[in-house]
Amino acid sequence: MRAVLVVNPQATSTTPGGRDVLAHALASQVKLEVVETGYRGHALAVAKASVRDGIDLVVAHGGDGTVNEVVNGLLADSPPVGSMLGVVPGGSANVFARALDIPRDPVEATHQLLNAIETGRSRRVGLGRADRHWFTFNAGLGWDADVVAGVAKRRGKQTSPSLYLRAAVACHVRPPLGRPTMTVRLPGEDPVEVRTAFVSNTDPWSYLGARPVHLNNGCSFDAGLGLFALKGLGLPTVFRHVRQALTTSGNQRGRRLLRHDDVATFCIEASEPVNFQVDGDLVGQRTRVEFTSAPGALSVMC
């Protein structure tokens, strides 16, 4: 088996020593090339070239942003071809890896990946697509993406739940782009006006440290997308749904809530440009995004 290890040296918990241990372990079972990323989009380019070179496995060692870039590179060609994904977490949240029951500890995750390589174990995973962007676990428009933008401006290599909480409060009090009306258009249903929208490809949707955040508890890699949108962002509404999101059941209810699980396709339009994020990275600003579910789009060794 030929493999490429893509390492993001700027990810929260990646280290040169950890990279070397991981590379040495993988090289015992595969013919390995190691690439350290140097700029945004580098991991995408490496994964795209790996597919075209017939590489069997591309391993992402970094955070969710690195995984997202590798996935977009693996699926850049249409129709996508054979390369599989491996993940060794190296970020702060590692939502995608945790949803696949990949250990957060890089050494344990490496051991699990080596076992998967030895036994040929893999699984097909459904993904989401937002226009041209593939996403593994979530995407968002409005308040959620404002928070992502705020965190990106403030953080260095380190992130923490408190940083995200501070950004969430700041963006709620003073939205950087205001609160333009957004319209959700679901096939066969009347349009609904909302103020923020979250789109899930799995549950939990994210984490606050060790605590899972649930928005669509009927969502999984084996089903369609989950939509969670709020028609207003008053404090009672926000507190209600934050409290529900942090409960064990994560059963979201409320009169200001628009929620659907297992949706194949829908569109969100905004009256003015709003921030747009995928897998925790800001993509830019949009006035319209088309979301689609892609069942079994990716093969993951895990």
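## An aromatic cluster

Are F135 and F291 buried or exposed? In this predicted model, F135 is buried, and F291 is buried too. The two rings form an edge-to-face aromatic pair, with 6.4 Å from centre to centre and 80° between the planes. This contact links distant parts of the chain: F135 belongs to strand β6 (residues 133-135) and F291 to strand β16 (residues 281-301), 156 residues apart.

F291 also pairs with F266: the ring centres are 5.2 Å apart and the planes stand at 25°, so this pair is stacked. Because F266 lies in strand β15 (residues 265-278) and F291 in strand β16, the pair ties together parts that are 25 residues apart in sequence. F266 is buried, as is F291. Together, F135, F266 and F291 make up one aromatic cluster. If you would like to look at other ring contacts, the structure holds five aromatic pairs.

## Salt bridges

How many salt bridges does the structure hold? There are eight. One of them joins the side chains of D222 and R123, at 3.8 Å from N to O. D222 sits in the loop between β12 (211-213) and β13, while R123 is in strand β5 (residues 123-130), so to speak a link between distant parts of the chain, 99 residues apart. D222 counts as exposed at 63% relative accessibility, whereas R123, at 28%, counts as partly exposed.

Strands β15 and β16 meet here as well. E269 and R288 form a salt bridge of 3.5 Å, N to O; E269 lies in β15 and R288 in β16, so the pair ties together parts 19 residues apart in sequence. R288 has a second partner in E290, with the closest N and O atoms 3.2 Å apart. E269 is partly exposed at 24% relative accessibility, R288 is partly exposed at 43%, and E290 is partly exposed at 27%. Through shared partners, salt bridges join R185, E269, R288 and E290 into one network.

## An enclosed helix

Now for helix α3, which spans residues 64-74. Why is this helix described as largely enclosed by the rest of the structure? The reason is that 11 of its 11 residues are buried. Among them are the charged residues D64 and E69, along with V67, V70, V71 and L74.

## A positive patch

On the surface, R179, R195, K231, R255 and R256 form a positive patch. K231 is found in the loop between β13 (225-230) and α8 (235-245). With a relative accessible area of 31%, K231 is partly exposed.

Methods
Residues are numbered from 1 along each chain as its sequence is written. This is a predicted model: local features need pLDDT of at least 70, side-chain atom pairs count only at pLDDT 80 or more; totals for chains, interfaces and linings use all residues. Side-chain values use heavy atoms; hydrogens and water are left out. Patches are made of residues with over 30% relative accessible area and no salt bridge: like charges are joined within 9 Å, nonpolar side chains (Val, Leu, Ile, Met, Phe, Trp, Tyr) within 5 Å. Accessible areas come from the Shrake-Rupley method with a 1.4 Å probe; for residues, only the protein chains shown count as cover. A salt bridge is a side-chain nitrogen of Lys or Arg within 4 Å of a carboxyl oxygen of Asp or Glu. Lys and Arg count as positive and Asp and Glu as negative; His and the chain ends are not counted. The place of a charge is taken as NZ of Lys, CZ of Arg, CG of Asp or CD of Glu. Helices (H or I, at least four residues) and strands (E, at least two) are DSSP runs, numbered from the N terminus. Buried means under 20% relative accessible area, exposed over 50%, partly exposed in between (1.4 Å probe, protein chains only). Rings of Phe, Tyr and Trp (its six-membered ring) pair if their centres lie within 6.5 Å; planes under 30 degrees apart count as stacked, over 60 as edge-to-face and the rest as tilted.
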